[in-house]
Amino acid sequence: MSGGEQKPERYYVGVDVGTGSVRAALVDQSGVLLAFADQPIKKWEPQFNHHEQSSEDIWAACCVVTKKVVQGIDLNQIRGLGFDATCSLVVLDKQFRPLPVNHEEDSHRNVIMWLDHRAVSQVNRINETKHSVLQYVGGVMSVEMQAPKLLWLKENLRETCWDKAGHFFDLPDFLSWKATGVTARSLCSLVCKWTYSAERGWDDSFWKMIGLEDFVADNYSKIGNQVLPPGASLGNGLTPEAARDLGLLPGIAVAASLIDAHAGGLGVIGADVKGHGLVCEGQPVTSRLAVICGTSSCHMGISKDPIFVPGVWGPYFSAMVPGFWLNEGGQSVTGKLIDHMVEGHAAFPELQVKATARCQSVYAYLNSHLDLIKKAQPVGFLTVDLHVWPDFHGNRSPLADLTLKGMVTGLKLSQDLDDLAILYLATVQAIALGTRFIIEAMEAAGHSISTLFLCGGLSKNPLFVQMHADITGMPVVLSQEVESVLVGAAILGACASGDFASVQVCLSHRARP
Ligand SMILES: Nc1ncnc2c1ncn2[C@@H]1O[C@H](COP(=O)(O)OP(=O)(O)O)[C@@H](O)[C@H]1O
Ligand SMILES: O=C(CO)[C@H](O)[C@H](O)COP(=O)(O)O
């Protein structure tokens, strides 16, 4: 982000709300991360496939981490604040108070999480309409998007939630509202998860056809009728109340937000790769695929013209990099699947004891254990008899089939640490093969991808990174800045502050890959 003409002592704060935790970073004008803090957030699973959170708990965590990263800094030097978050659905009443999204009427739990699969009947009916908006979500709407969840609320919680609701926010937009009092939505959220078109706006016929004509009647005031590009400055900036909560000064610029995967994409896709001998050096940015790997993995590819990839979300115009179309492939559970396989294995307690004794994470321990048992063979050979099909939470892309389930073949009676390590390897390989499957679908439709740019929690795992390189046959680039998603959020704040003319200018001035 460095602009030669700017003074060096200008800072930006990025806040990233993932599935399991909230992170904040203080970033300078060159995009260098100076301070980092994180804080876990609560999750509830009141019944199978229902996943809920609390917007108050999430905001409180944002406040804790922001206060930590600005400690010791002259607050006058902080010029802008940007948020990104998972695309969970936040429900508030007409006075902006939380409303319950559950049968227990617990209004603390007012967020339907992105991975919630309660609205299966609703999404099936939406897909049966074959409405033209579905062309822009890969041909099939996902149960993880907002329209089916809204319909579920109308059909299942009419009195306790639907009739009282005044505001339905995507989580990134909830955060920017909480910071500024401005209810404008980000183009990123509305285009990617709510069927809004950057060119044509809302499609009345879609909402009427699926039984949510209520939104049309009130001119979309509950889901957003003012839409801004990510990075646009909101209202008068931080309100005095939010400034007190966050430990910042009132009035600093706050940006229209991004979904977390998109912030990660922004954080890595423009990286300067000169001098590393990479095939993408000198190729257009459209040859790069950003893969944001956390609880889930999201595969973000951009193009100058719209590309329709069956089973891959989009094409979305200007939803990540302004002026470019975006296709977003995804695997609904990746980090969560690895954790599920490892933690559910009979040898997990032994693994924990051994990893703790060596002061290692369980992943680092498993990686070194695989090195021991592979002997002279390449590590991939350990799984010739063991295979995992990774769709334990359905297939987001490219099959776009939420009914798919996971599979493991080649199990034996032994359940020792070797078995756990090999099952872990097979799971990582299955996820990497899923990435290859998505890339093949994108290339068949017209993308030309040469290089992967990985970020997110799983990019800290060398085995995960190596398997992606081996299995896709492509070089994998990791940013020097591990927390690239946060850099993407801070880029938004820098843009909103006016220190940089646009998101593209911030990207092109990034000093470090
Ligand atoms: N140091 C690490 N080594 C290996 N895997 C890690 C490490 N840290 C996090 N992970 C993996 O990353 C996942 C979480 O990634 P993260 O980006 O923090 O998720 P989210 O944004 O969804 O909250 C975990 O499920 C775990 O499998
Ligand atoms: O659908 C999304 C992005 O479009 C979700 O926000 C994402 O899959 C969840 O992200 P994470 O794995 O980082 O928690």
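Here follow questions and answers on a predicted model with two ligands and two assigned domains.

Residues are numbered from 1 along each chain as its sequence is written, and chains are lettered from A and ligands numbered from 1 in the order in which they are written. As this is a predicted model, local features need pLDDT of at least 70 and side-chain atom pairs count only at pLDDT 80 or more, while totals for chains, interfaces and linings use all residues.

User: Which residues does UniProt list for "domain: Carbohydrate kinase FGGY C-terminal"?

Analyst: The name comes from an unreviewed UniProt entry. UniProt positions are in the numbering used here, feature names are shortened, and annotations may be inferred rather than shown by experiment. The same kind of entry gives "domain: Carbohydrate kinase FGGY N-terminal" to residues 11-267. For the C-terminal name, the record lists residues 289-496.

User: What percentages of helix and strand does the span 289-496 hold?

Analyst: Helices (H or I, at least four residues) and strands (E, at least two) are DSSP runs, numbered from the N terminus. The end C-alpha atoms of residues 289-496 lie 26 Å apart. For residues 11-267, the ends lie 16 Å apart, with 30% helix and 23% strand. The span 289-496 is 41% helix and 18% strand.

User: How far apart do the C-alpha centres of domain 1 and domain 2 lie?

Analyst: Domain bounds come from an automatic or database domain assignment. Domain 1 takes in 11-117 + 166-195 + 226-259 + 484-508, and domain 2 is 272-478. Their C-alpha centres lie apart by 27 Å.

User: Which element gives the most to the side of domain 1 that touches domain 2?

Analyst: Contact means that the C-beta atoms of two residues, placed from the backbone, lie within 7 Å. By that rule, 15 residues of domain 1 are in contact with 15 residues of domain 2. On the domain 1 side, α5 (187-193), α15 (484-497) and α16 (503-508) give two or more residues. The one that gives the most, with 4 residues, is α5.

User: How many residues on that side of domain 1 are nonpolar, polar and charged?

Analyst: Ala, Val, Leu, Ile, Met, Phe, Trp, Tyr, Cys and Pro count as nonpolar, Asp, Glu, Lys and Arg as charged, and the others, Gly among them, as polar. The side of domain 1 that touches domain 2 divides into 8 nonpolar, 7 polar and no charged.

User: Which helix gives the most to the shell around ligand 1?

Analyst: A residue is near a molecule if its C-beta atom, placed from the backbone, lies within 6 Å of it. Of the 17 residues around ligand 1, Gly-18, Gly-294, Thr-295, Gly-335 and Gly-457 come nearest. By class, the shell has 3 nonpolar, 11 polar and 3 charged residues. The helix that gives the most, with 4 residues, is α10 (335-343).

User: Which elements each supply at least two residues of the shell around ligand 2?

Analyst: Of the 15 residues around ligand 2, Thr-19, Thr-86, Gly-294, Thr-295 and Ser-296 come nearest. The shell draws at least three residues from each of domain 1 and domain 2. The elements in question are α9 (260-269) and β17 (325-331).

User: Why is one side of β4 and of β9 left without a neighbour in the sheet?

Analyst: Two strands pair if DSSP finds at least two bridges between them. The open sheet runs β4-β5-β8-β7-β9, with antiparallel pairing. One side of β4 (44-47) and of β9 (165-170) is free of neighbours because they stand at the edges, each with a single partner strand.

User: In β5, which residue is the bridge partner of Trp-44?

Analyst: β4 and β5 (50-53) pair in the antiparallel sense over 2 bridges. The partner of Trp-44 is Glu-52.

User: In β17, which residue is the bridge partner of Tyr-316?

Analyst: A mixed open sheet of 6 strands has the order β16-β17-β15-β14-β20-β21. There, β16 and β17 pair in the antiparallel sense over 3 bridges. The partner of Tyr-316 is Leu-326.

User: Where is Pro-315 found?

Analyst: The peptide bond from Gly-314 to Pro-315 is cis, with omega near 5°. Pro-315 is found in strand β16 (313-317).

User: Where does Pro-398 have its place?

Analyst: The peptide bond from Ser-397 to Pro-398 is cis, with omega near -5°. Pro-398 is in the loop between β18 (387-389) and β19 (407-409).
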